[in-house]
Amino acid sequence: MSDTITYDVAAVRARFAALATNDTIFLDTPGGSQVPDAVRAAVSDAMRDAAANLGGTFATSQRVAEIVTGARAAAARFLHCSPDDTIFGQNMTTLNFSLSRACARDLKAGDEIVVTRLDHDASVSPWLEVAHDTGAVVKVVDIDEATATLDFTNLEAQLSDRTRVVAFSWAANSTGTLTDAKRVTALAHSFGALAWIDATHAAAHVHVDVEAIGADVLVCSPYKFCGPHLGLAYGRPEVLADWRPYKVRPAPSDPVARRFETGTLPYEQLAGLTEAINYWESVDATGAGHAHARALGQRLLDGLPDDARLIGPPTMDGRVPTFLLAFADRDATAVAETLVANNINAGASDSFYCMGLKDLIGDRGALRIGLFHYNTADEVDQTLAALAT
Ligand SMILES: Cc1ncc(COP(=O)(O)O)c(C=O)c1O
């Protein structure tokens with residue numbers, strides 16, 4: 001299989017010094033992607049040109065204002081929402097805790113929150129804490145263990161007129177399972193519940209459109225898709241308007257999403273975020289780049305060694321190109337070490353923070369291989385050769 005003619009992976013790679021200047025094979029992208037040079041430069045330039053805060057008439061403060069406005073516009077293009085409805089924060093986990101706290105102020109004992117076994121714990125523990133404090137009940141949707149896909153029959157059985165929130169991961173950072181988000185949000189809404197989407201893994205692999213999928217809240221982390229370390233959320237304004245925010249009094253209250261941004265934003269990261277989204281748009285990663293990564297995923301699936309047990313969807317259907325592998329007679333950490341010895345970055349874990357999958361993974365742990373639009377067919381072949389040793 002060769003790279004498609006409409007997508008020039010070499011030209012894409014040339015935009016990353018980290019890819020051009022060393023021969024490491026980066027398969028650890030689910031933990032954080034490599035960063036294009038333009039993003040790095042934007043962060044650095046902002047620290048030189050915009051070391052100030054908002055509100056001044058002097059040039060550095062005006063530059064900060066431009067950076068924030070530019071980042072909101074870029075984030076809005078990425079999420080398909082209004083710039084007014086974007087919320088920036090430290091990372092997905094911190095944003096999810098703070099938004100769930102605000103939502104929880106209206107919850108009562110016996111209200112129900114539905115999460116799933118495929119979720120990263122950042123999509124679960126905030127609700128466990130809410131349940132602890134309010135008496136709400138957290139219900140966990142099961143999966144089909146053979147394919148690690150969401151059991152929709154079980155989801156429907158868990159929904160009730162007490163359901164207030166359905167929180168789920170659009171794509172699982174562990175197994176790569178891609179859940180039909182629109183179907184989940186429609187079910188949540190049919191019970192009058194909020195659809196609360198963790199798009200942290202999905203945003204690196206699929207086109208995000210909060211309106212099209214019916215998100216009430218959507219949370220993600222730009223460092224998973226070529227940006228700097230920060231968190232990004234969308235909140236439907238009609239939903240946010242009902243919540244009492246934890247905020248300091250002089251901070252802005254309008255538009256409503258601003259109430260949920262606490263303190264000074266990371267302006268230099270926001271400058272980088274704008275460049276990351278510009279980059280993403282320029283390589284058409286939502287089209288050709290994603291197709292390229294999926295083709296690499298098929299190549300990997302076709303060549304897996306016999307002792308590898310794939311935990312997750314068995315084909316490229318219903319998944320992103322992230323693969324979780326357990327081995328019959330090998331500890332995953334030992335396999336990861338073999339890869340590292342071959343300059344291949346991939347990690348092993350007993351959960352990858354998906355606590356609902358620990359039993360499926362088992363005692364020997366699992367290796368995660370994350371393919372991204374900047375990987376190559378040759379890198380997949382080298383990985384398969386290293387896995388076979
Ligand atoms: C699916 C998913 N959700 C949530 C998180 C947490 O994101 P953050 O590190 O930005 O808090 C991660 C991080 O790996 C993730 O992969």
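## Strand β7 and its partners

Within strand β7, T163 is the bridge partner of E112. The model described here is a predicted one. The pairing that contains this bridge links strand β3 (residues 112–116) to β7 through three bridges, and the two strands run parallel.

Strand β7 also pairs with β8, again in the parallel sense, over five bridges. Here S169 stands opposite D198 of β8. Strand β7 spans residues 163–169, and seven of its seven residues are buried, so the strand is largely enclosed by the rest of the structure.

## The seven-stranded sheet

Strands β3, β7 and β8 belong to an open sheet of seven strands, whose order is β2-β10-β9-β8-β7-β3-β4 and whose pairing is mixed. At its edges stand β2 (86–89) and β4 (137–141); each has a single partner strand, so one side of each lacks a neighbour in the sheet. Neighbouring strands of this sheet are turned against each other by 20 degrees on average, direction ignored.

In general, the strands of a sheet pair through backbone hydrogen bonds, in either a parallel or an antiparallel arrangement.

## Strand β9 between β8 and β10

On one side, strand β8 (residues 194–198) is joined to β9 by three bridges, and the two run parallel. W196 has V217 of β9 as its bridge partner, and D198 is likewise partnered with V219 of β9. D198 is also the residue that S169 of β7 stands opposite.

On the other side, β9 pairs with strand β10 (residues 231–235) in the antiparallel sense, over four bridges. The bridge partner of V217 in β10 is G235. V217 thus appears in two bridges, one with W196 and one with G235.

Which way do the residues of strand β9 (residues 217–220) point? V217 and V219 point one way from the strand, whereas L218 and C220 point the other way. All of these residues are buried.

## The four-stranded sheet

A further open sheet has four strands in the order β11-β12-β15-β14, with antiparallel pairing. Its edge strands are β11 (308–311) and β14 (347–349), each of which pairs on one side only. The average turn between neighbouring strands of this sheet is 35 degrees, direction ignored.

Inside this order, strand β12 (residues 322–327) and β15 pair in the antiparallel sense over four bridges. T322 stands opposite G370 in β15. Strand β15 covers residues 366–370 and contains A366. A366 is buried, because 30 other C-beta atoms lie within 10 Å, and a count of 20 or more is what the class requires. From A366 to I197 the C-alpha separation is 25 Å, and the two residues are 169 residues apart in sequence.

## Helix packing

Two packed helices are described by the angle between their axes together with the distance between those axes. For helix α5 (residues 92–104) and helix α6 (residues 125–134), the axes come within 9 Å and cross at roughly 30 degrees. That angle makes α5 roughly parallel to α6, since angles under 35 degrees are placed in that class. The crossing in which α5 passes α6 is right-handed.

Helix α4 (residues 59–79) packs against helix α11 (residues 267–282) at an angle of about 40 degrees, and their axes are 8 Å apart. This angle makes α4 oblique to α11. The crossing of α4 and α11 is left-handed.

## The loop at G110

G110 is placed in the loop between α5 and β3. Is G110 buried or exposed? G110 counts as exposed because it has 10 C-beta neighbours inside 10 Å, and the exposed class takes residues with 12 or fewer. The C-alpha atoms of G110 and V137 are separated by 6.0 Å, although these residues are 27 residues apart along the chain.

## Ligand surroundings

How many residues surround the ligand? There are 13, and the closest are N91, T93, H120, N173 and S221. By class, the shell around the ligand consists of two nonpolar, ten polar and one charged residues.

Methods:
Residues are numbered from 1 along each chain as its sequence is written. This is a predicted model: local features need pLDDT of at least 70, side-chain atom pairs count only at pLDDT 80 or more; totals for chains, interfaces and linings use all residues. A residue is near a molecule or strand if its C-beta atom, placed from the backbone, lies within 6 Å of it. Ala, Val, Leu, Ile, Met, Phe, Trp, Tyr, Cys and Pro count as nonpolar, Asp, Glu, Lys and Arg as charged, and the others, Gly among them, as polar. Two strands pair if DSSP finds at least two bridges between them. Axes are lines fitted to C-alpha atoms, for helices over the stretch in contact, and angles run from 0 to 180 degrees between N-to-C directions. Angles under 35 degrees count as roughly parallel, over 145 as roughly antiparallel, 65 to 115 as roughly perpendicular and the rest as oblique. A crossing is left-handed if the near helix is turned anticlockwise from the far one by less than a right angle, and right-handed if clockwise.
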